[in-house]
Amino acid sequence: MYDSILVPTDGSEGASTAARHATNLAAVFDSEIHILSVVNASIYNSDLADLDFEAGEHREALEEHATEVVGALEDRLDGTGLAYRTAVEEGVPSEAIPAYAEDHDIDLISMGTHGRTGLDRLLVGSVTERVVRTSDVPVLTSRSAPDEQSSYDDILLPTDGSEAASAAIDHGIALADRYDATIHALSVVDLSALAGSYDGGAAVPGVIETLEEGSEQAVAEVAERCERHDVDVRTEVAQGTPYQAIGAYVEEGEIDLVAMGTHGRTGLDRYLLGIVTERIVRTSEIPVLTVR
Ligand code: ATP
Ligand code: MN
């Protein structure tokens, strides 16, 4: 499933966190790790770069820094026996990272929610946010490092039964299979959407029941797929606002990882990321795997 895993690094704590998840996965999936640092070309390709000499100096310093931060992760991988390779590229990080992933047949990108340059008050750094929005390769975003020896024992698969949710389910099941984890299939009956369109919803007989049936069907489908792979599964249908209900489940269920699609049933394709997924990526304390 994950023959090659990309860890983009800016030398931050966030990238180091992402590297730990990547090494955890690489050990289990026997993957090769790619460490990539992007020298941000836009900084010296600006008008200011008229001052050729200074721009040149600046660029050299950036390149040096990129090589150093790649080296720092290299040092950590050296002792592990894992296969890895390194790259320093020039470009705009949020574009160069997905491009590198495409060019090198990367199966998974592991990124921190925060980097070196951002403000702590931002929920997710701009590079990670853009990569999640645009990458065709699945992205694992993490806010904190896994515990020593940790594995992903409980994996949450939120589903609205859509085709878009389905790809993430494959990934969740593949992970559960390798980690001998339990899948938690959760579908939320979206009462907030009802309130908007039906003036209370409950007043319309049968509407909630119909939605509930849809949710039951969605989790049953996940359960069936799990059983086919001999993976433990629990199912749950909740009511409420999807991202809140998913967040609450994560807190109660001792979940270690969430896997979800970049889109669901209700979103418009022109949005690069569904609102539920966006909110979970922004707020989750545990790693989130997003799959397009
Ligand atoms: P911002 O840059 O938006 O001010 P930030 O620095 O906190 O905020 P990001 O830049 O998005 O957040 O960093 C998040 C992750 O993105 C990092 O942990 C790292 O994995 C990756 N990253 C950021 N910049 C680079 C880069 N120049 N090269 C490679 N990876 C990068
Ligand atoms: Mn940054």
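Start by selecting β5 and strand β10 (residues 288-291): the two pair in the antiparallel sense over three bridges. Keep in mind as you click around that this is a predicted model. Zoom in on Thr141 and you'll find it standing opposite Val288 in β10.

Now stay on β5 and look at its other partner. β4 and β5 also pair, this time in the parallel sense, over four bridges. Pick Ser110 and look across: it stands opposite Leu140 in β5.

Turn on the side chains of strand β5 (residues 139-142). Which way do they point? Val139 and Thr141 go one way, Leu140 and Ser142 the other, and all of them are buried.

**Zoom out to the sheet**

Color by secondary structure next. The protein has ten helices and ten strands. The strands form an open sheet of ten, in the order β3-β2-β1-β4-β5-β10-β9-β6-β7-β8, with mixed pairing. Which strands sit at the edges? Those are β3 (84-91) and β8 (232-240), each of which pairs on one side only. Look along the sheet and follow the twist, which averages 25° from one strand to the next.

Go to the β3 edge. Strand β2 (residues 32-40) pairs with β3 in the parallel sense over eight bridges. One spot to click there is His34, which stands opposite Arg85 in β3. Then add helix α4 (residues 93-103), which packs on the sheet and touches β1 (4-8), β2, β3 and β4 (108-112). The direction of α4 makes about 150° with that of β2.

Now hop over to the β8 end and select helix α8 (residues 207-228). This helix packs on the sheet as well, touching β6 (154-158), β7 (182-190) and β8. Its direction makes about 165° with that of β7.

**Click on Leu156**

From those strands, pick Leu156, which is in strand β6. Buried or exposed? Leu156 is buried, because its relative accessible area is 0%, against a cut-off of under 20%. Show everything it touches: leaving aside neighbours within four places in sequence, Leu156 is in contact with His184, Leu186, Ile246, Tyr249, Val250, Ile255, Leu257, Val258 and Ala259. For a distance label, try the C-alpha atoms of Leu156 and Val233: they are separated by 9.9 Å, with the two residues 77 apart along the chain.

**Open the pocket**

Switch on a surface. The largest pocket has a volume of about 980 Å³. Of the 40 residues that line this pocket, select the ones closest to its centre: Asp160, Asp190, Pro242, Arg265 and Thr266. Which elements give two or more residues to the lining? They are β7, α7 (191-198), α8, α9 (242-252), β9 (257-261) and α10. The largest share, six residues, comes from α8, the helix you just saw packing on the sheet.

Since α10 is on that list, click on Arg279, which lies in helix α10 (residues 275-283). Arg279 counts as partly exposed, because its relative accessibility is 35%, and that class runs between the 20% and 50% cut-offs. Draw a line from the C-alpha of Arg279 to that of Tyr243: the separation is 6.6 Å, although the residues are 36 apart along the chain.

**Two loops with unusual phi**

Most residues other than glycine have a negative phi. Here are two that break the pattern. Select Asp30, in the loop between α1 (13-29) and β2. The phi of Asp30 is near 55°, a positive value in a residue other than glycine. Asp30 is exposed, because its relative accessible area of 69% is over the 50% cut-off.

Then jump to Asp230, in the loop between α8 and β8. Its phi is near 60°, again positive in a residue other than glycine. Is Asp230 buried or exposed? Asp230 is exposed, with a relative accessible area of 73%.

**Last stop: the whole protein**

Reset the view and show everything. Of the 292 residues in the protein, buried ones make up 47%. The accessible surface comes to about 14700 Å², and 45% of it belongs to carbon and sulfur atoms. If you plot a contact map, look far from the diagonal: among contacts between residues at least 6 apart in sequence, 79% join residues at least 24 apart.

Note on methods: Residues are numbered from 1 along each chain as its sequence is written. Chains are lettered from A and ligands numbered from 1 in the order in which they are written. This is a predicted model: local features need pLDDT of at least 70, side-chain atom pairs count only at pLDDT 80 or more; totals for chains, interfaces and linings use all residues. Side-chain values use heavy atoms; hydrogens and water are left out. Buried means under 20% relative accessible area, exposed over 50%, partly exposed in between (1.4 Å probe, protein chains only). Contact means heavy atoms within 4.5 Å. Accessible areas come from the Shrake-Rupley method with a 1.4 Å probe; for residues, only the protein chains shown count as cover. Two strands pair if DSSP finds at least two bridges between them. Axes are lines fitted to C-alpha atoms, for helices over the stretch in contact, and angles run from 0 to 180 degrees between N-to-C directions. On a 1 Å grid over the protein atoms alone, a cavity is a set of points where a 1.4 Å probe fits but cannot get out, and a pocket is an open set with protein on both sides within 12 Å along at least five of seven lines; lining residues have an atom within 4 Å of a point. Grid points are joined across faces, edges and corners, and a volume is the space filled by probe spheres set on the points.
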